[in-house]
Amino acid sequence: MADYNLQDIAPLPMFAVSAITANRFVKLESTTDRGVVPSAAGTDLLTSGVAMEAQATVGGPVAVQNYGIAKVTAGAAITRGAQVTSDASGRAVTVATGNTAFGVCLNTIAAAGEVAEILLTALPNSSGPTTP
């Protein structure tokens, strides 16, 4: 899953406040400068991007992608074109009412554990899915 499209944008240099799994959504941690923790829900408004690497060491560096097309582990089946958010493990799932969309899935995902290609966007959606 090391194939990323950063479109000439460098990943954000952040720091792990807890163990980080690669290819999962992460959010800003409120007490540490540039600290991130795994995103734990679609309501995490501080979700800042996708961890490009694993980091088990607290305080260790983590590259976070917040632009372009990211590879994200899926938490369930996802239809191509669906807006996505984070599940309790930082995996991509289809956005539901009351959740915030973090991007759009560019490929069809049949089951949890597959690799979703997510176009990371700042979608104006905090109340559930919309259709174009």
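**A chain of ten strands**

Reading from the N terminus on, the elements of this protein chain run β-β-β-β-β-β-β-β-β-β, and since what we have here is a predicted model, please take everything I say as a description of that model. To put the order into counts, the chain has 10 strands and 0 helices.

Let me start with the chain as a whole. It has 132 residues, of which buried ones make up 43%, and about 6,400 Å² of the chain is exposed, with carbon and sulfur atoms supplying 57% of that area. If we take the contacts between residues at least 6 apart in sequence, we find that 54% of them join residues at least 24 apart.

Now to the interior. Which residues have the most contacts inside the largest nonpolar core? That core has 15 residues, and the ones with the most contacts inside it are Phe25, Val72, Ile78, Val84, Ala92, Cys105 and Ile118. Two elements, strand S6 (68-73) and strand S10 (115-120), give two or more residues to this core, and the largest share, 3 residues, comes from S10. Apart from this core lies another one, of 8 residues, which includes Met14, Ala16, Ile20 and Val62.

Cys105 deserves a moment of its own. If we leave aside its neighbours within four places in sequence, Cys105 is in contact with Ile78, Thr79, Arg80, Gly81, Ala82, Val84, Ala116, Glu117 and Ile118.

Phe25 brings us to the aromatic rings, where the structure holds 1 pair. Phe25 and Phe102 form that pair, with 5.4 Å from centre to centre and 55° between the planes, and the arrangement is tilted. The two partners are 77 residues apart, with Phe25 in strand S2 (25-28) and Phe102 in the loop between strand S8 (92-94) and strand S9 (103-105), so the pair links distant parts of the chain. Are these two rings' residues buried or exposed? Phe25 counts as buried because its relative accessibility is 1%, under the 20% cut-off, and Phe102, at 9%, counts as buried for that reason too.

Finally, a word on the backbone. Most residues other than glycine have a negative phi. Asn23, in the loop between strand S1 (12-16) and S2, has a positive phi near 65°, and Arg34, in the loop between S2 and strand S3 (35-38), also has a positive value, of about 60°. As for their surroundings, Asn23 counts as buried at 6% relative accessibility, whereas Arg34, at 43%, counts as partly exposed.

How values were computed:
Residues numbered from 1 in each chain as written. Predicted model: local features only at pLDDT ≥ 70, side-chain atom pairs only at ≥ 80, totals over all residues. Heavy atoms only, no water. Helix = DSSP H or I, 4+ residues; strand = E, 2+ residues; numbered from the N terminus. Buried < 20%, exposed > 50% of the residue type's maximum accessible area, 1.4 Å probe, protein only. Contact = heavy atoms within 4.5 Å. Areas by Shrake-Rupley, 256 points an atom, 1.4 Å probe, with all protein chains shown as cover. Phe/Tyr/Trp six-rings, centres within 6.5 Å; stacked < 30°, edge-to-face > 60°. Core = buried A, V, L, I, M, F, W, Y, C linked by side-chain atoms within 4.5 Å.
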